[in-house]
Amino acid sequence: MNNGLKITAFAAALAATFGTAYGVGKGVDPMVSTGAHAWQQHGGHGATGRDGAAEHGPGGLQISEDGYTLALDAPGVAAGGRTVIRFAIEDDAGRKVTAFRREHGKELHFILASRDLTEYRHLHPVRAADGTWSTPVDLPRAGDYRAFADFTPAAAGARNVTLGADLPVSGTYRPAAPPAARSTAEVEGYRVALGGELQAGRESELELTISRNGKPVTDLQPYLGAYGHLVALRSGDLAYLHVHPNDGGPGPLVSFTATAPSAGTYRLFLDFQHEGKVRTAAFTVEVKPLVSARTEANSEHQH
């Protein structure tokens, strides 16, 4: 993979609070910043302009974009037990799209998250010949969910698109309290330490170090062609960042480069594979507003 891969896209859905993700690691100590390094974004929506700001702005803010629509097969599903979600990507004529470019081993990446972020799934749907996608999922908790489809059509000149659609999950809903900012997470006996500082409008680097039983994990296995995948969801509108790692070995450190679109609270989800199983570690981080060079100079002059 190329060093400093770019963020694929953004997506959005209203979300007032954060919670601990189902099936992911829980934070165990306060967030600690270790500084910022070079960070690049991945994909069309994440192209950077001056000061690292996104030129196209957040993607996935709507169900239709660039002539494509995310069409869910059902208006909602029920909580509890295993269910199947079906959907299609339709063109501006209402036809199901059947040709996509493969990116990181898949034609399409499908993310499902509850608006309070207590539930998170990175799913791998299967496409039928007629263009209908389907994926099984277990959603034990009710609530308002957002589905994200991240893809690049095979049509000449097409760019990466991330579409978002609401998916209600029926049942008794009890929102969870927001988690505090953390720099470490534990999941199934693994400890993941987060270093670096996510910055608004500026390139930065995040470094995640994975260990088990106090020993560094040096034999991570490729997952979708990489040693780790990182998704960030922003509080307030669930702006979605799908980040891929820089070049590196199979652990214990996996680094990512990107630029946050704005200040705010973000929930980070790291997928990594070891001994044949994919695990997800989750973190909450606070991103401060971008301070311009002029503001910094004025501040230094005042002091």
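Which residue in β9 does Arg127 stand opposite? In this predicted model, the residue facing Arg127 is Trp133 in β9. The strands concerned, β8 and β9 (residues 132–138), pair in the antiparallel sense over two bridges. They belong to an open sheet of five strands with antiparallel pairing, arranged in the order β2-β3-β5-β9-β8. The edges of this sheet are formed by β2 (64–65) and β8 (126–127), each of which pairs on one side only. In general terms, the strands of a sheet pair through backbone hydrogen bonds, in either a parallel or an antiparallel arrangement.

The protein as a whole contains one helix and 20 strands. Of its 303 residues, 49% count as buried. Among contacts with a separation of 6 or more, 72% are made by residues 24 or more positions apart. The accessible surface comes to about 13200 Å², and carbon and sulfur atoms contribute 49% of that surface.

Strand β10 (residues 143–151) offers a view of the interior. Eight of the nine residues of β10 are buried, so this strand is largely enclosed by the rest of the structure. Strand β6 (residues 108–114) is joined to β10 by seven bridges, and the two run antiparallel. Within this pairing, Ala113 stands opposite Arg146 in β10. Strand β11 (residues 161–170) also runs antiparallel to β10, to which it is joined by nine bridges. Here Ala147 has Ala165 in β11 as its bridge partner.

Further along the chain, Gln273 is found in strand β19 (residues 264–274). Gln273 has a relative accessible area of 17%; because the cut-off for burial is under 20%, Gln273 is classed as buried. Its side chain reaches the backbone oxygen of Pro222 at 3.1 Å. When residues up to four places away in sequence are not counted, Gln273 touches Leu220, Gln221, Pro222, Tyr223 and Val278. Pro222 thus appears both as the residue whose backbone oxygen is reached by the Gln273 side chain and among the residues that Gln273 touches.

The last position to consider is Val285, which lies in strand β20 (residues 277–287). Val285 is buried, because its relative accessible area is 4% and burial requires a value under 20%. Val285 and Gly264 are separated by 21 residues in sequence, and their C-alpha atoms are 8.5 Å apart in space.

Methods
Residues are numbered from 1 along each chain as its sequence is written. This is a predicted model: local features need pLDDT of at least 70, side-chain atom pairs count only at pLDDT 80 or more; totals for chains, interfaces and linings use all residues. Side-chain values use heavy atoms; hydrogens and water are left out. Helices (H or I, at least four residues) and strands (E, at least two) are DSSP runs, numbered from the N terminus. Buried means under 20% relative accessible area, exposed over 50%, partly exposed in between (1.4 Å probe, protein chains only). Contact means heavy atoms within 4.5 Å. Accessible areas come from the Shrake-Rupley method with a 1.4 Å probe; for residues, only the protein chains shown count as cover. Two strands pair if DSSP finds at least two bridges between them. A polar contact is a pair of N or O atoms within 3.5 Å; within protein, one must be able to donate a hydrogen and the other to accept it, and residues adjacent in sequence count only if both atoms are side-chain atoms.
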